[in-house]
Amino acid sequence: MINILIIEDDQNIAKMIKATLSIVNYNGTCCYDGKSGAQEALRGTYDLILLDVMLPEMNGFEVMDTIKNCGTPVIFLTAMQDVADKVKGLRLGAEDYIVKPFEALELLARIDVVLRRSNKTQNIITYGSLTVDISSHIITDNGEPVQLTPKEFEVIVYFLQHQDIAISRERLLSNIWGYEFEGESRTVDIHVQQVRRKLGLKDKLITIPKLGYRLESQDRI
Amino acid sequence: MKLWQKIFLSSLCLIIVAINVISIVLLNNTHRLIIEREQSHAIREYEYFAASFANSAVYERLRSDRLFLSDDEIREIAEDIMAGRPKTQPAAIYDSDKQPIAESPIPELFSLDELERYVSTIGLASDSYNIRVFNCSDTRYMVVCSTLKIEDKSYLLLTASDVSEIFTLRSKQTAFVRQVGIISAAVISLILLITVILLLRPLSRLNTYTKAIAGGNYKIRIRKRGSREFRELAENMNIMADSIQSNAARLEKIAEDRQTFIANLAHEMKTPLTSILGFADLLRIKKNVSDSERAEYAGTIVEETKRLRSLSGKLMELIALGGTETEKKPVSIPGMIKDTETSLTPLLQKNSVSLSCDCEDITISADEELFKSLLYNIIENAVKASAIGQKIDIKAGMSDGNAVIAITDHGIGMSKEDAKKVFEPFYMVDKSRSRKAGGAGLGLALCVKIAQQHNAVLTLDSELGKGTTVYIIISGEECL
């Protein structure tokens with residue numbers, strides 16, 4: 001279980017982040033001001049801290065200064081689009097920053113990147129008869145290795161990491177092909193079809209009209 | 001050309017010209033006086049010569065007891081006289097045909113064509129003295145020439161005297177004056193140069209200073225030194241720098257305020273947007289959303305949207321206030337307070353807060369709706385700060401010629417730091433509390449704007465835990 005500390009003064013935003021985290025089974029803890037947030041960060045064991053910049057009592061940068069020795073990665077949440085602010089946050093040792101307002105999946109994607117960097121994500125995912133070893137790029141179906149292209153592998157890993165979440169073609173494009181990729185969403189469709197065919201996920205990896213795809217989780221069947 | 005160069009050169013030219021003119025006039029005058037003296041001397045000399053010639057002729061005639069003397073005898077007499085004359089004083093005697101009878105010891109002088117021509121022009125009838133200066137081999141002679149009658153015969157007599165000395169003296173004096181002139185011009189120019197530079201030095205200081213101001217350094221002030229004009233100029237420049245500095249500071253403050261306002265506005269807009277986008281996205285992408293979750297998410301979205309709506313409404317009011325002219329009419333303060341109380345009744349009942357009014361009947365010129373919204377905002381804040389069952393006192397009266405409305409609550413109050421910032425846009429004393437109440441932090445900023453349009457000032461006294469008093473001070477000009 002991944003534990004994430006949310007330090008955010010707006011209770012609705014904190015609640016929203018917590019709910020977003022819960023859909024990928026991350027556990028969120030909320031603090032509503034800088035002081036208690038810093039204390040909580042030093043006291044508890046967290047895998048990641050989401051830190052707002054504008055906070056009562058102590059601002060985000062001050063909190064960052066206090067907790068930088070505990071080694072927990074930090075992602076800044078900021079309403080400022082000022083480059084100087086971002087640079088300041090990153091220079092203080094933050095792993096990343098997210099500019100408000102943000103979409104749920106963008107938050108999750110950035111959290112994933114940071115967690116992967118600090119080796120806190122699972123390296124082996126099992127889904128029914130499938131076993132995926134992310135680090136060695138091997139996928140087996142009942143022990144039999146399945147041949148997938150690198151992009152197809154990334155697609156199935158992304159779906160496995162975001163089970164039960166509706167994922168748009170744009171999201172897949174930007175996460176797997178990169179923001180710069182200007183290909184059509186047809187590319188996504190072809191890869192998803194290939195993954196479905198090769199891994200026999202016809203009933204699980206379903207198409208949601210006008211939105212994208214969703215991988216149904218195994219235990220809900 | 002620079003000013004000091006102009007002043008220096010023109011003064012120098014004037015002085016040199018003046019010195020030269022004065023010395024030339026003086027020299028010429030002296031020279032003329034000397035010449036005049038020399039002329040009278042030469043005339044006396046001539047008269048002596050003429051008298052001795054005439055006397056000799058008369059004496060000879062009387063001695064020989066004759067009526068007339070022959071030309072030869074006259075010539076003899078003339079030659080005798082000539083022989084007796086010193087060499088330095090040449091003379092000549094001509095007969096009526098301008099032919100020389102006897103001549104001076106310096107013949108070259110009289111062989112001059114110039115002299116001959118001169119002699120020939122002199123009429124025998126005239127008995128005035130003809131005086132002229134001749135130049136003969138580096139020596140100047142003053143020649144006096146006149147006619148003399150001896151026994152019906154006219155003779156032309158001529159004497160000359162050496163006046164070279166006068167002219168040498170003159171040229172010596174001229175040379176001396178020139179030398180003195182050059183030396184004094186050098187000395188004067190040096191003194192003048194130093195004086196001009198010293199006098200104009202404040203100008204270059206003022207110049208450096210002006211450049212510094214133009215370069216953006218508004219803090220420096222110049223010391224008042226030098227002559228009166230410069231001191232005045234320096235003072236005026238300091239006044240100018242003062243006003244530039246204060247204007248620059250004011251503009252900086254405005255720009256800063258605007259920057260803060262925009263930053264705060266962005267933050268205030270993004271906070272509800274983050275919740276709205278987040279929860280809406282969750283509703284969209286999550287597969288199984290329970291009824292309670294959906295109600296919670298949608299509820300939050302509605303709440304945050306209302307917050308945005310209130311923010312945009314307040315913003316519109318703020319913008320509209322800045323642009324439009326208010327329509328002022330005579331309105332009574334107690335009447336407006338009464339109306340405001342009526343519209344606040346639901347809130348007052350909900351919080352069980354009562355109002356007590358002690359108002360003098362003052363009529364002011366105001367836009368009724370705007371002024372009521374000012375009162376509404378302030379009384380609403382007072383109600384929010386009060387605990388259940390407390391009382392809010394409203395007093396209105398005249399003080400120092402201004403109308404003053406004081407709204408006092410006995411609620412939570414606030415710290416001095418908060419009291420200072422409470423009129424700033426987006427400032428909220430208790431963020432989470434006022435957000436829950438749908439506040440955007442713009443209420444008092446709006447009140448300040450309305451007050452400005454009514455020539456009024458808002459001030460505030462507050463003590464943590466004891467309550468707050470807001471004063472609306474309306475300038476006496478608006479009172480009717």
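These are my notebook entries on two chains, their sheets and the helices that pack on them.

**Entry 1: chain A as a whole**

I began by noting that the model is predicted, and then looked up the general make-up of chain A. I found 8 helices and 12 strands in chain A. Of its 221 residues, 35% count as buried. I also looked at how far apart in the sequence the contacting residues of chain A are, taking contacts with a separation of 6 or more, and 53% of these join residues 24 or more positions apart.

**Entry 2: the open sheet of chain A**

I next asked myself in what order the strands of the open sheet in chain A stand. There are 5 strands in the order β2-β1-β3-β4-β5, and their pairing is parallel. At the edges I found β2 (26-31) and β5 (96-99) of chain A, each of which pairs on one side only. Direction ignored, neighbouring strands of this sheet are turned by 20° against each other on average.

I then followed one pair more closely: β1 (residues 2-7) of chain A and β2(A) run in the parallel sense and are joined over 6 bridges, and within this pair A:N3 stands opposite A:N27 of β2(A).

Two helices that pack on the sheet went into my notes as well. Helix α1 (residues 11-22) of chain A touches β1, β2 and β3 (48-52) of that chain, and its direction makes about 170° with that of β2(A). Helix α3 (residues 60-67) of chain A touches β1, β3 and β4 (74-78), and its direction makes about 150° with that of β3(A).

**Entry 3: where chain A touches chain B**

For the contact between the chains, I noted 23 residues from chain A and 20 residues from chain B. Which elements of chain A each supply at least two residues to this side? They are α1 and α5 (104-117) of chain A, and α1(A) gives the most, with 7 residues. By class, I recorded 13 nonpolar, 3 polar and 7 charged residues on the side of chain A that touches chain B.

**Entry 4: the open sheet of chain B**

Turning to chain B, I looked up an open sheet of 5 strands, which has the order β7-β9-β10-β12-β11 and mixed pairing. Its edges are β7 (354-359) and β11 (456-463) of chain B; each has a single partner strand, so one side of each is left without a neighbour in the sheet. Neighbouring strands here are turned by 15° against each other on average, direction ignored.

One antiparallel pair is formed by β10 (residues 402-409) and β12 (residues 467-474) of chain B, over 7 bridges, and I noted that B:V404 stands opposite B:I473 in β12(B).

**Entry 5: two helices of chain B**

Helix α8(B) lies across β7, β9 (391-399) and β10 of chain B and runs at about 175° to β7(B), while α9(B) lies across β9, β10 and β12 and runs at about 25° to β10(B).

I also looked up how these helices meet: α8 (residues 333-351) and α9 (residues 368-385) of chain B pack at an angle of about 30°, with their axes 9 Å apart. Because angles under 35 degrees count as roughly parallel, α8(B) is roughly parallel to α9(B). Their crossing is right-handed. The residues that make the contact include B:M336, B:L344 and B:L348 of α8(B), and B:F371, B:L375 and B:I379 of α9(B). By class, this contact has 10 nonpolar, 3 polar and 4 charged residues.

Terms used: Residues are numbered from 1 along each chain as its sequence is written. Chains are lettered from A and ligands numbered from 1 in the order in which they are written. This is a predicted model: local features need pLDDT of at least 70, side-chain atom pairs count only at pLDDT 80 or more; totals for chains, interfaces and linings use all residues. Two strands pair if DSSP finds at least two bridges between them. Helices (H or I, at least four residues) and strands (E, at least two) are DSSP runs, numbered from the N terminus. Axes are lines fitted to C-alpha atoms, for helices over the stretch in contact, and angles run from 0 to 180 degrees between N-to-C directions. Two residues are in contact if their C-beta atoms, placed from the backbone, lie within 7 Å. Ala, Val, Leu, Ile, Met, Phe, Trp, Tyr, Cys and Pro count as nonpolar, Asp, Glu, Lys and Arg as charged, and the others, Gly among them, as polar. A residue is buried if 20 or more other C-beta atoms lie within 10 Å of its own, exposed if 12 or fewer, and partly exposed in between; C-beta atoms are placed from the backbone. Angles under 35 degrees count as roughly parallel, over 145 as roughly antiparallel, 65 to 115 as roughly perpendicular and the rest as oblique. A crossing is left-handed if the near helix is turned anticlockwise from the far one by less than a right angle, and right-handed if clockwise.
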